[in-house]
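Please open the model in your viewer and keep the sequence panel beside it. The tour below moves from one selection to the next and says what is to be found at each stop.

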Amino acid sequence: MLAHLLRRYPRRRDRDPQRHPHDEDPWEWHCGFYPGSHPGEQQNGTAATFDEARADFECAWRVFLSRRTEADFQAWRNQRDWTARKYALWDAGERLPSQKPNSMMRCPCGEMFDCHRLENTLIHVPHITAEQKAREVRRAQTVQ
Ligand SMILES: [Zn+2]
């Protein structure tokens, strides 16, 4: 969420309003988002009325907005979208590709093989070694 205003509910009925007057404020606001800003740029507060909370929030939002670029908003959107995809996968009972154990490799010869199986590895190691040597030679020629 980028920013919001919300109605608070007292957490404890026995709280002393003289000692913690702000705990009795019925309105709370949060301004800012992350990623896309420095954590210290985010602000929040409480107020006795909705109008006060909204006015405080709008001031904070104008300051926050004046320091943002389109890239900041995009960073936030990317994070939001990535998180949504992650939870959708989890809900579907799947894991992210990076969480799946995977020992399959593509050899330079074009074949996919399981590198945890010795008999496969013995066949393809010479192909991989040859490809690495060829790449080193090409790199050396590029440098010259
Ligand atoms: Zn191979």
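**Starting on a strand**

Begin by selecting His4, which is found in strand β1 of what is a predicted model. His4 counts as exposed, because 11 other C-beta atoms lie within 10 Å and the cut-off for an exposed residue is 12 or fewer. Now add Trp29 to the selection: although His4 and Trp29 are 25 residues apart along the chain, their C-alpha atoms are separated by 5.7 Å.

Before going further, colour the chain by secondary structure. The chain holds 3 helices and 5 strands, and from the N terminus on these elements run β-β-β-α-α-β-β-α. Of the 144 residues in the chain, 6% are buried. Among the contacts with a separation of 6 or more, 35% join residues that are 24 or more positions apart.

**The sheet**

Select β1 (3-7), β2 (27-31) and β3 (43-47) together. They form an open sheet of 3 strands in the order β1-β2-β3, and the pairing is antiparallel. Both β1 and β3 stand at the edges with a single partner strand each, so one side of each is left without a neighbour in the sheet. From one strand to the next, the twist averages 10 degrees.

Follow the pairing from β1 into β2, where 5 bridges join the two antiparallel strands; here Ala3 stands opposite Cys31 in β2. On the β3 side, 5 bridges likewise join β2 to β3, again antiparallel. Two of these positions are worth labelling: Trp29 has Gly45 as its bridge partner in β3, while His30 has Asn44.

Which residues of β2 belong to its covered face, and which to its uncovered one? Trp27, Trp29 and Cys31 make up the covered face, whereas Glu28 and His30 make up the uncovered one. The general background is that side chains in a regular strand alternate between the two faces of the sheet.

**The helix on the sheet**

Next select α1 (50-66). This helix packs on the sheet, touching β1, β2 and β3, and its direction makes about 10 degrees with that of β2. If you wish to check its geometry, place a distance between its end C-alpha atoms: they are 24 Å apart, which agrees with the 24 Å that its 17 residues should span at 1.5 Å a residue.

Within α1, pick out Ala53, Phe57 and Ala60, which are its buried residues. Seen down the helix axis, the buried residues of α1 fall within an arc of 70 degrees, so they line one face of the helix. As a general matter, an α-helix has 3.6 residues a turn, so residues three or four places apart point the same way. What covers the buried residues of α1 includes β1, β2 and β3. Turn to the other side of α1, and the exposed residues there are Asp51, Arg62, Leu65 and Ser66.

**The core**

Now show side chains for Trp27, Trp29, Cys31, Ala47, Ala53, Phe57 and Ala60, the 7 residues that make up the largest nonpolar core. The elements that give two or more residues to this core are β2 and α1.

Centre the view on Cys31, which lies in strand β2. Why does Cys31 count as buried? Cys31 has 23 C-beta neighbours inside 10 Å, and the cut-off for burial is 20 or more. Leaving aside residues up to four places away in sequence, Cys31 touches Ala3, Gln42, Gln43, Asn44, Phe57, Ala60, Trp61 and Phe64. Glu41, 10 residues from Cys31 along the chain, has its C-alpha atom 8.8 Å from that of Cys31.

Move on to Ala47, another member of this core. With residues up to four places away in sequence again set aside, Ala47 touches Asp25, Trp27, Glu52, Ala53 and Asp56.

**Last stop: a loop residue**

Finish at Arg8, found in the loop between β1 and β2. Arg8 is partly exposed, with 14 other C-beta atoms within 10 Å. Not counting residues up to four places away in sequence, Arg8 touches Asp25, Pro26, Trp27, Glu28 and Thr46. A distance drawn from Arg8 to Asp25 spans 7.6 Å from C-alpha to C-alpha, for two residues that are 17 residues apart in sequence.

Notes:
Residues numbered from 1 in each chain as written. Predicted model: local features only at pLDDT ≥ 70, side-chain atom pairs only at ≥ 80, totals over all residues. Core = buried A, V, L, I, M, F, W, Y, C linked by C-beta atoms within 7 Å. Helix = DSSP H or I, 4+ residues; strand = E, 2+ residues; numbered from the N terminus. Contact = placed C-beta atoms within 7 Å. Pairing = 2+ DSSP bridges. Axes fitted to C-alpha atoms, helices over the stretch in contact; angles between N-to-C directions. Expected span 1.5 Å × (residues − 1). Arc of directions from axis to C-beta.
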